[in-house]
Each structure stands twice: as C-alpha cells, then as structure tokens.
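Here's a quick briefing on aromatic side chains and how they sit against one another. Have a look at the model first, then run through the notes.

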Amino acid sequence: MNVVLSRDSQVRAMENTVTNAERYFGQFCSLLASYTRKTARLRDKADQLVKQLMDFANTENPELRATMKDFAEDLAKVQDYRQAEVERLEAKVISPLKLYGAQIKQTRADIKKCKRVQNNEIKQLEKLEKLRQKSPSDRQMISQAETSAQRASVDTNRSTHHLAETVDAFQEQKLKDLRRIFSDFVTIEMVFHAKAVEVYSSAFRTLESYDLERDLQDFRAKMHGTYGHSEARPLTDTSPSLSVPWPLASQSVPSTTAHQGKDEEESEADSVEEIPLEDLKGQQQGRRD
C-alpha cells in the first residue's frame with residue numbers, strides 16, 4: 001500500500017507541474033497578446049499624428065514646413081519599425097505560447113489515463129483485502145484476486161513510468177521554450193528601441209536646427225506688407241455697413257474726386273455729340289494737314 005501512495009504522490013506532483021504551466025503560460029499568452037495589440041494601436045495613433053503634421057506643415061512658411069515634414073518622416077520611420085516589432089512579436093512570442101494549449105491538453109490526457117490505472121490497482125487491492133478477511137479459506141478466489149492485483153500493479157508501474165517520461169520531456173521543453181520565447185521578446189524590443197532611438201535622434205536634430213528667427217522674420221514681413229498695402233489702398237465704398245478699424249474721414253476726398261472725374265467724362269461725351277458731322281470731318285482733315 002505504501003508503494004501505491006508513493007506513486008499517487010508522484011502523479012500529483014506531475015499534475016501540479018502541468019497545471020502551473022497551463023495557468024501561467026495562458027496568462028503569458030493573454031498578456032503578451034494584449035501588449036502586441038496595444039503596440040499596434042500605438043502605431044495607428046502615431047500614423048494619424050504623422051498625417052496631421054504633414055497637413056499642418058502645408059499651411060506654414062517654407063522654413064517651418066520643411067522642418068515639420070522632415071520631423072513627420074522620422075516619426076513615420078519609427079512606425080515602420082513598430083510594425084516590424086508587432087509582426088515579430090506575433091510570430092516569435094504569441095504563436096509559440098499558443099501551441100502550449102495543445103501540448104498541455106495531451107499531457108493532461110496522459111495524466112487522466114494514469115490515474116484511471118492507479119484507481120483500478122487500488123480497487124483490486126481493496127478487493128483482495130476483503131476476500132482475505134471474509135473468506136480466508138477460499139484459496140482459489142484469493143489467488144485470482146492476487147493475480148488481478150499483481151496485473152493492475154504492473155499496469156500502474158508501466159503507466160506511471162510512461163507518464164514520468166512524458167512530464168519530464170514536457171518540463172524540459174517548457175524550460176527551453178520559456179527561455180527562447182522571452183529571449184526573442186527582449187531581442188525584438190531591443191532592436192525596435194535601438195532603431196527608434198536612432199531615428200528619434202535625427203528628429204531631435206531636425207527640430208534643433210530649425211531657424212525660428214528666420215521664419216518669424218518672414219511672418220512679420222508678410223504681416224507688415226499686408227497691412228501697409230491695405231492702408232495705401234483708397235476706400236471707395238462709403239456704405240455705413242462697412243466696418244474698418246481706422247477713421248473714415250478721408251473717404252470723402254477720393255469719392256469727390258471720382259465723381260468730378262466722372263462728370264468731366266460725361267461733359268466731354270456730350271460735347272462730342274453736339275458737334276456736327278461736317279465739323280468733325282473738317283477737324284480731322286486739319287490734323288492730317
């Protein structure tokens with residue numbers, strides 16, 4: 001009976017190994033899958049930022065426009081590296097962890113089979129013990145029960161040995177995969193961040209080299225030029241609905257001048273109509289002579 005209890009304890013230890021692997025590898029897979037999805041969402045948000053930067057750059061002065069476009073291109077490069085990071089995480093981290101679901105399921109099936117064999121051995125031993133107590137003189141029945149118990153014990157030894165080999169191989173593979181998977185994870189992250197730091201350094205230099213004063217001078221020149229042109233332009237509309245930020249006292253002068261010029265043109269036109277056709281011909285003949 002002590003041998004039976006020892007084998008039962010051994011099977012329980014192997015079952016705990018598989019249970020822990022199922023629990024924690026499932027959590028690792030779920031968390032790293034979430035990590036990868038959020039990295040992909042971060043890439044999408046950064047792509048939107050790049051688009052907004054490009055749109056904004058097209059509305060600015062040449063100096064700032066060139067700077068923001070270069071900066072946006074650097075950010076876009078980082079997102080290319082981030083996309084590669086997502087693809088590598090899915091291939092080298094998530095996929096291997098998903099495979100453990102099938103392996104754990106198969107190992108659990110082996111454990112259940114071994115436990116059924118163990119239970120059969122225990123039943124045969126209990127049956128033998130009852131026969132010895134109730135019918136100690138029935139040697140034939142006791143002999144048959146002893147044979148069945150021995151056969152069950154042999155099956156249990158064989159099944160337990162097979163299970164021990166299976167769980168040992170499972171544990172060895174688990175440790176190797178664990179080291180490889182997280183080594184790949186760290187390598188993927190290091191490669192991405194190394195590339196990202198390189199590109200971000202370029203983006204930082206681009207922003208540092210931006211000539212703010214030159215852009216500001218261009219802006220001020222345009223502003224001054226616009227306002228100066230507006231002040232020099234005569235105002236011909238005297239409608240009271242017009243709202244301007246400067247006095248309107250000078251509006252009457254250009255308006256009067258314009259009306260005088262119009263009256264003179266109308267009087268000249270009237271004088272031309274009053275001259276007879278013969279006199280006009282005579283005047284034209286005189287200029288030719």
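Tyr35 counts as partly exposed, at 33% relative accessibility, because that value falls between the 20% and 50% cut-offs. Its ring partner is Phe185, which counts as buried at 17%. Keep in mind that this is a predicted model.

**The Tyr35–Phe185 pair**
- The two rings meet edge-to-face, with 65° between the planes and 5.6 Å from centre to centre.
- This pair ties together distant parts of the chain, since Tyr35 belongs to helix H1 and Phe185 to helix H3 (residues 139-208).
- Along the sequence, 150 residues separate Tyr35 from Phe185.

**The Phe25–Phe28 pair**
- Here we stay inside one helix: Phe25 and Phe28 both sit in H1, which runs over residues 2-57.
- They are three residues apart, or about one turn of the helix.
- Their rings are tilted, at 55° between the planes, and the centres are 6.0 Å apart.
- Phe25 is buried, with just 5% relative accessible area, so it falls under the 20% cut-off.
- Phe28, at 27% relative accessibility, counts as partly exposed.

**The wider aromatic picture**
- The structure has five aromatic pairs, including Phe25 with Phe28 and Tyr35 with Phe185.
- Phe25 and Phe28 also belong to one aromatic cluster, together with Tyr100, Phe170 and Phe182.

Conventions:
Residues are numbered from 1 along each chain as its sequence is written. This is a predicted model: local features need pLDDT of at least 70, side-chain atom pairs count only at pLDDT 80 or more; totals for chains, interfaces and linings use all residues. Side-chain values use heavy atoms; hydrogens and water are left out. Rings of Phe, Tyr and Trp (its six-membered ring) pair if their centres lie within 6.5 Å; planes under 30 degrees apart count as stacked, over 60 as edge-to-face and the rest as tilted. Helices (H or I, at least four residues) and strands (E, at least two) are DSSP runs, numbered from the N terminus. Buried means under 20% relative accessible area, exposed over 50%, partly exposed in between (1.4 Å probe, protein chains only).
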